[in-house]
Amino acid sequence: MEQRLRRFRRPLPALLVVAALALLVRLVALGSRVAHQDEGRVADWILHYMTVGQWEYRPIIHGPFLPHVNGVVFDLLGASDFSARLVVAVIGGLLPLAAYLYRDHLDDAEVVAFGLLLAASPALLYYSRFMRNDLMVAACMIGALGFWLRARASGRTRHLYAGTFVFALAFTMKENALLYPVAWLGALALVVDRRLLLARLVDDGPGRVALALARETARGLRPWLLPLGVALCEWFLVVVAFYAPLPEAYGMFAGLDAFTAVLHTATVGTWTAFAGTWAHSGMSEHSTVGFLGRFAKILALTATVTLGFAVVGFLRERYGRDDPRDIVEFCFYWGAASVLGYAIVTDIMAGWLATHVVAPLALPAAVGLAWVYRVGKRGHASGDALLFRVAAAVLLLSAAGVGGTAAYTSYAAPQDRANPLVQYAQPGGDVKPTLADIEAVAAEHSGIDVVFYGSEFYNANDLTQVPTLNSTSGGYDGWFARLPYPWYFDQYDARVASTTRTETLAEQDPPVVIALDGDADEVREAIDASQYSERTYPRYLHGDRLVFFVREGAS
């Protein structure tokens with residue numbers, strides 16, 4: 001029995017339990033929150049891609065991973081908020097298992113603590129329940145580094161190839177994957193600098209240590225040169241396979257011209273499109289100090305425990321051990337650099353950026369948590385009741401802080417403006433019952449089901465034809481202003497029109513009219529308002545409100 005308990009305390013069984021619970025909390029009520037504008041924009045574009053069978057890289061909606069993968073998911077499960085978020089939720093739920101890859105550098109308690117933080121950190125949980133790429137990029141990079149560390153420790157090339165595969169997947173998700181190697185190089189430079197400084201302090205000579213490190217690195221890399229070449233080809237193939245335009249990619253082996261055209265579009269064409277959208281000063285024309293302050297506030301409110309224990313773990317590692325572990329310092333520098341880096345380069349300051357900071361800082365935070373756990377354990381073993389109680393109180397309060405914040409941000413107030421993780425373009429209010437009524441209208445009603453009223457929503461053609469997403473802009477007149485609702489109406493096969501004339505409302509007599517609250521009086525004068533129920537919801541976190549006029553018994 002004692003042997004079984006000892007085996008259960010090993011990190012893998014514990015991490016499997018953590019991952020199972022992490023999956024469960026991510027899947028519960030996954031589709032309950034109304035789609036954020038970004039979710040609706042990308043999801044509706046995926047529906048369009050499925051309809052026309054044509055795809056090309058659009059930097060503004062980021063990489064091809066979600067369009068390709070969710071296209072398959074929608075085929076299998078149907079399009080819904082649940083299915084749209086499912087892939088992200090599964091990746092987020094499995095992320096705690098990545099902690100096991102670091103077992104050569106962390107003890108069992110630290111591995112389990114790392115997995116717990118990856119499972120329960122509020123930002124990682126919230127954006128595991130959101131159809132967006134940031135959580136997936138962070139997860140892939142944590143996994144890639146872990147696999148590469150296992151390759152170094154075990155000498156097995158399969159870990160190198162597994163790490164390269166998930167690393168390549170990150171580049172198919174979002175362009176900020178490019179920032180990770182930059183952060184890693186900076187963190188590595190600081191780790192090497194610490195080694196050289198230590199060598200100077202012990203009179204070992206930083207020059208000799210630097211030369212020894214270079215020789216050791218060269219010797220270590222020599223047997224890996226061929227596998228590294230294969231891994232580089234693997235990365236290239238994965239990236240090209242995802243970025244290749246469709247349907248052209250299906251015929252790329254028909255001849256040399258077709259092959260080179262697809263390859264050029266997937267590589268040079270992708271880079272040109274990326275640089276034209278993201279790599280210019282206009283995307284970062286903001287106050288870095290202002291963004292840094294807002295980012296610090298988001299992190300302070302939602303990652304207090306992780307930030308605090310990351311500092312404890314880093315200081316404990318650097319000054320409390322005779323042999324500081326490079327990976328602990330590396331991840332601390334990586335996370336700290338990401339705070340400043342994203343404040344500089346991002347075009348929108350939003351909660352999803354916290355995932356790129358919290359994920360790496362979870363490792364030094366796990367070291368800090370495990371140290372407090374061991375202090376309490378020693379206090380219990382030695383009979384020091386005060387030491388044990390203090391350590392237990394710290395751990396319990398930390399668990400309550402993480403759990404309470406995660407519950408509030410992901411479940412109690414996932415659309416509330418008081419929630420620091422919620423970005424501006426998240427619609428407010430419980431609009432799902434109204435959407436269900438519109439779905440019923442679309443199923444039973446013939447003719448135009450929904451009319452948007454107002455110049456902002458207007459499209460000159462949609463009274464006479466169903467508008468389609470433009471191949472260049474990704475939308476059509478009025479589409480962006482209507483988001484995220486086109487995502488729902490296209491699921492329902494609802495016929496949607498728009499107008500700026502009250503006479504058209506009277507002529508069409510639509511079962512559903514949607515207008516800004518400032519235009520609602522004009523709608524009331526044009527329709528028989530007594531036949532409609534009015535439901536008003538915040539359009540986004542603040543500013544305009546949308547009024548839904550739904551005719552009673554319209555379905």
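This passage walks through the empty spaces, a surface patch and the salt bridges of the structure. The model is a predicted one, so its features are best read as computed from that prediction.

Let's start with the pockets. The largest pocket takes up about 1500 Å³. Of the 30 residues lining the largest pocket, Trp 148, Leu 149, Arg 152, Leu 188 and Leu 221 sit closest to its centre. Six helices each put at least two residues into this lining: α8 (134-154), α9 (157-171), α10 (179-201), α11 (206-221), α12 (225-243) and α16 (326-345). The biggest contributor is α10, whose 6 residues make up the largest share of the lining. Sorted by class, the lining of the largest pocket comes out as 20 nonpolar, 5 polar and 5 charged residues.

The second largest pocket holds about 960 Å³ of space. Around it are 31 lining residues, and the ones nearest its centre are Ala 109, Val 112, Ala 113, Leu 116 and Leu 369. Two or more lining residues of the second largest pocket come from each of α2 (11-27), α6 (108-120), α17 (355-382) and α18 (385-412). As for its make-up, the lining of the second largest pocket counts 23 nonpolar, 2 polar and 6 charged residues.

Next come the cavities. There are 2 cavities of 30 Å³ or more, and the largest cavity has a volume of about 70 Å³. Which residues line the largest cavity? They are Ala 29, Leu 30, Ser 32, Arg 33, Arg 85, Tyr 126, Arg 129, Ser 410 and Pro 414. Split by class, the lining of the largest cavity has 4 nonpolar, 2 polar and 3 charged residues.

On the outside, there is a nonpolar surface patch to look at. It is made of Val 17, Leu 21, Leu 24, Val 25, Val 28 and Tyr 411, which together have about 490 Å² of accessible area. Helix α2 provides the largest share of the nonpolar patch, with 4 residues. Tyr 411, another member of the patch, belongs to helix α18. How much of Tyr 411 is accessible? Its relative accessibility is 33%, so Tyr 411 counts as partly exposed.

Now for the charged pairs. The structure has 22 salt bridges. One of them joins the side chains of Asp 38 and Arg 132, at 2.8 Å from N to O. This pair ties together distant parts of the chain, since Asp 38 is in helix α3 (residues 37-52) while Arg 132 is in the loop between α7 (122-126) and α8, 94 residues away. Are the two partners buried or exposed? Asp 38 counts as buried because its relative accessibility is 14%, under the 20% cut-off. Arg 132 is buried too, with a relative accessible area of 10%.

Arg 132 also has a second partner to consider. Its salt bridge with Asp 134 brings the closest N and O atoms to 2.7 Å apart. Asp 134 has a relative accessible area of just 1%, so Asp 134 is buried.

Further along the chain, Arg 539 and Asp 544 form a salt bridge whose closest N and O atoms are 3.5 Å apart. Here the two ends contrast: Arg 539 is buried, at 7% relative accessible area, whereas Asp 544 is partly exposed, at 36%. Some salt bridges share partners, and in this way Asp 107, Glu 110, Glu 317, Arg 321, Asp 323, Arg 325 and Arg 374 are joined into one network.

One last residue is Val 339, which is found in helix α16. With 18% relative accessibility, Val 339 falls under the 20% cut-off and therefore counts as buried. How far apart in space are Val 339 and Phe 295? The two C-alpha atoms are 7.4 Å apart, although 44 residues separate Val 339 and Phe 295 in sequence.

Methods: Residues numbered from 1 in each chain as written. Predicted model: local features only at pLDDT ≥ 70, side-chain atom pairs only at ≥ 80, totals over all residues. Heavy atoms only, no water. 1 Å grid on protein atoms, 1.4 Å probe; cavity = no way out; pocket = protein on both sides within 12 Å on 5 of 7 lines; lining within 4 Å. Points joined across faces, edges and corners; volume = space filled by probe spheres on them. Nonpolar A, V, L, I, M, F, W, Y, C, P; charged D, E, K, R; others polar. Patch = residues over 30% accessible without salt bridge, like charges linked within 9 Å, V, L, I, M, F, W, Y side chains within 5 Å. Areas by Shrake-Rupley, 256 points an atom, 1.4 Å probe, with all protein chains shown as cover. Salt bridge = Lys/Arg side-chain N within 4 Å of Asp/Glu carboxyl O. Buried < 20%, exposed > 50% of the residue type's maximum accessible area, 1.4 Å probe, protein only.
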